[in-house]
Each structure stands twice: as C-alpha cells, then as structure tokens.
Amino acid sequence: MKIKNQSRLPGRYVLILLTLLCLLLLGIERFTDTGGPFRIIANYTVVPMQKGISYVGMWISDMSDNFETMKEMRKKNAKLQSKVDALTIDNTRLRQEQYELERLRELYKLDENYSDYEKVGAHVIANNGSNWFSDFTIDKGTSDGIKVNCNVMAGSGLVGIVTETGPNYARVRSIIDDASNVSGMILSTSDTCMVRGDLSLMSDGRLRFEKLANNDNKVEVGEQVVTSHVSSRFVQGLFIGYVSEIEVDSNNLTRSGYITPAVDFSKLQEVLVITKTKDDMVGGK
Amino acid sequence: MKRKLITVLIITVCFLLQSTIMRKVAIGNITPNLLLIVTASFGFMRGTKSGMYIGLICGLFIDLFWGSLLGFHMLLFVIIGYFNGSFQRLFFDEDIKLPIGLIAVSELSYGIAVYFFGYMLQGDFSFGTHLFQVIIPELVYTILVTLVLYQIILHINKKLETEEQRSASKFV
C-alpha cells in the first residue's frame, strides 16, 4: 500500500522534496563539520576500491614503461650519467659547505634544523574527478599520524596541504588549486610573496606569485622560491619552484609573475607527508 | 531489486573510473564527466523520478569525495535528472541525436552553474577563461565518451527491461 502511494507521487513533488533535502543539507553544513557519518561509511567502502584500481593502474603504467626502446634507454642513460657527474661535483662542494654550516650553527647554538622534518610516505590513490578542483586522495590517514594542515611534498618540492583526514585516507589540496594560497619567499633575497594557484594555469601546472615588494633586490628568472617563515600553515623552507616570469605591477610598488613548480602535478604517484604541522612547531616552543 | 543493484554498480564503477583511470588518460588535464552521462541517460530512458534518484546518488558521491559542500552537486544533479527525465516521451532507442543534445545541454549548464556559484560569487569574473579552459573542453570530451558509454548503458537497460517484462508476464 505504502509503495503504491510512493509511486503515485508525481515527479514534480519529488523534485521539490529532493531540492528541499539538498538545501537542508547545505544549511546543516554551514554549522557542522563536513560529511559526518557519510564520510566514515565512505572510508570503509569506496577508499579500498580506489586503492585497488590505482594499484592496477600503476602496474599497467609500469608495464608500458617496459616497452621503451633500447635506444631511448641508452640516451637516457648517457644523460643521467652526465647528471650524476654534475651532481657528484655539486655534492662534494655542498658537503664542504655543510661542515662549515654545522660549525657556524654550533657557534650560533641553532639546534633546530629546518631541513629535517619527519615524513611519512604515501601513495596517491585517486584524483579529483571534476575539472574544477585539483586535489587527490592518499592511502594513509590519522592512523599513520597524518593530521589536517600537514604539508605534503613529492621529491624535493611542495605539493599541497592535507584538508581532510579519515582513519586510512587523507585528502590533499595541491598548491595549483584555485583556492590555494601559500606564503612564499625568494630564497636569495628573503623577500616574501603570495603564491596562488589559478584555475586557468592549472592545465599547464604553473603558479602565480604576487605582492613581492618592488625594492632594490633584483629577482631574476630562475631563482628559487620556498615557503616563508611567516606562513601560518606551511613549515619554513619547503621548495616550491623556480621563477619563470617576473614583472613590475602597474602600481610600481609590487612585483608579480609566474613560478614553474618543482613537482609535475600530472604524474603524482608517491608523496611524502610531513607529520608535524606548523601549529605543532610554533606551539611546542 | 536487481535493477537497483545494477544501477548502483554502474554509478560506482563510473565514479571510480572518473577519479582514477580517466585522470591518467586525460587530454589537457580534463576528464570527461561520466556521472553526468549516467544521470542524464537514466533520466531520459526511465523518466524524471529515476533521473532524480540517480542524480541524488551521483551528487552525493561527488560532494563526499571531490567537493567541499555536501548538497551542492546533489542539487545540481537532481535538477539535471529531472530535466532529462522530462524528455522521456521524445526518446527512442535508435535515435542518438536527442541523447547527445540533452547531455551537451546538461553539461554546459552544469559547467556554467559551477562557475556561477563556485567562482563568480567569490568575485572571479573571468568567465572567458573558465569557459575555454574547463567548460568547453569538458563538454567536448564528455560527448566523445557519451558515444561509447551511452551504448553500454542503453544495452544494460534494454536487457533489464526485457527481463522485467518476462517476469511480470510470468506472474500474470
């Protein structure tokens, strides 16, 4: 009887009912934390499936890599060999400087070293399916010590920040997302700037930086940009990318331009999550 | 019951594909909107109500995993389901023009709605860049995928319908 009544309900009323339901949810969202019980269910149903699929995908891409020709491999090998040589030279030079730095640090009694953050490795298991956002899901969560606002890196560069966590997954918003703002710093001059993601630059994976003071410090194309010491959510000294274009704004007070990030965002597979947030570090002192 | 299970399965598979494999084969970092195809095609194949319920589930998935606000995509997809469902009378199996037209219109209005609520209300008025960077490429790509995915959904729906008719006649 009940079922009969339901099926007689005209489509228009169902539309109105569902619209009200959605609006109600939107209203509730305003006051509470996102998702609630739905997210817990999702954590145990959909996330494992995403893990499975992305492992299969990784296996397939590994397979296709196997078919690279010998010639390409040789070429790559020669290129890498020359790079190894260059890096070895670099490394020895840097090591010498490292010793010097350590000595000087001891002199200054600076016991904290910003380059040694504790990290957890994680796999990227799913991307955002809509084209409006740039975020992804990783296969580690609160059970591995990941918290909201943890910084995420890949290789040597900054990738993004954790925005949402579950027991065994976490969502990371990349720095190229339209809603992302990072306080950055030009490494050579220590001038701060704002590094913003932009939807129109998302497809070429570039970033925009703004509000760099137009002072006497000369900033050239190719200079390194890192996260700044004044950022409230990003720990200091994470490498963002290289300046690729720079110009003085029309107000003559600030400079802006573009950054080529150190990370290739279209091919992210493994990332490193820094388990300490900036809040922990600042609060701990 | 069987129909419900299979429908949920189709939605889940499309959702998983869209967030994993499709991102790997994306052209210009744009992925096709598979869930919109599912919602729209069930809409005009099965009517307004099916369209709305399926839109609700698809929207729930999107809001939970890709969006930030629970309810926004649900609402959009319910409306898309209803809109497509109201064209059920004009729908014939053999005709591919109507499905493609409807999906294109849905995709376009979906893109514009997301731009309007997500970007323009935040003071981002560069409609042109959004149109040419996201909305139009996604539209083209979605239509290309429709040509394949729609045939699969149509086939599954036909099978289910003949089965339902057979079991109904058995009881009479």
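This is a short tour of a two-chain model, with a suggestion at each stop for what to select.

**Before you start.** Keep in mind that the model is predicted. It scores ipTM 0.73 and pTM 0.75. If you colour chain B by confidence, its mean pLDDT is 88, and 99% of its residues reach 70 or more.

**Stop 1: chain A.** Select chain A and switch on the cartoon. Its secondary structure comes to six helices and twelve strands. Now colour residues 2-31 as domain 1 and residues 118-285 as domain 2. The C-alpha centres of these two domains of chain A lie 41 Å apart. Buried residues account for 28% of the 285 residues in chain A. As for how the chain folds back on itself, take the contacts in chain A between residues at least 6 apart in sequence: 58% of them join residues at least 24 apart.

**Stop 2: where the chains meet.** Show both chains and pick out the contact, which takes 32 residues from chain A and 36 residues from chain B. On the chain A side, the elements giving two or more residues are helix H2 (11-31), helix H3 (37-66), strand S1 (119-127) and helix H5 (199-202). Which of them gives the most? That's H2(A), with nine residues. Colour this side of chain A by residue type and you get 15 nonpolar, 15 polar and two charged.

**Stop 3: a helix in chain B.** Select residues 48-65 of chain B, which form helix H4. This helix has 18 residues and reaches 26 Å from its first C-alpha to its last, close to the 26 Å expected at 1.5 Å a residue. Is H4(B) mostly enclosed or open? 16 of its 18 residues are buried, so H4(B) is largely enclosed by the rest of the structure.

**Stop 4: the nonpolar core.** Next, go for the largest nonpolar core, which has 95 residues. Show Ile11(B), Leu35(B), Val38(B) and Val78(B) as sticks: they have the most contacts inside this core. Then add helix H5 of chain B (residues 72-85), which supplies the largest share of the core, ten residues. Chain A takes part too: its domain 1 (2-31) and domain 2 (118-285) both give residues to the core, so the core lies between them. In soluble globular proteins, nonpolar side chains tend to be buried together.

**Stop 5: zoom in on Leu35(B).** Centre the view on Leu35(B) and look around. Leaving out residues up to four places away in sequence, Leu35(B) touches Ile11(B), Cys14(B), Phe15(B), Gln18(B), Cys58(B), Phe61(B) and Ile62(B).

Note on methods:
Residues are numbered from 1 along each chain as its sequence is written. Chains are lettered from A and ligands numbered from 1 in the order in which they are written. This is a predicted model: local features need pLDDT of at least 70, side-chain atom pairs count only at pLDDT 80 or more; totals for chains, interfaces and linings use all residues. Two residues are in contact if their C-beta atoms, placed from the backbone, lie within 7 Å. Helices (H or I, at least four residues) and strands (E, at least two) are DSSP runs, numbered from the N terminus. Ala, Val, Leu, Ile, Met, Phe, Trp, Tyr, Cys and Pro count as nonpolar, Asp, Glu, Lys and Arg as charged, and the others, Gly among them, as polar. pLDDT is the predictor's confidence in each residue, from 0 to 100. The expected span of a helix is 1.5 Å times one less than its number of residues. A residue is buried if 20 or more other C-beta atoms lie within 10 Å of its own, exposed if 12 or fewer, and partly exposed in between; C-beta atoms are placed from the backbone. A nonpolar core is a set of buried Ala, Val, Leu, Ile, Met, Phe, Trp, Tyr and Cys residues joined through C-beta atoms within 7 Å. Domain bounds come from an automatic or database domain assignment.
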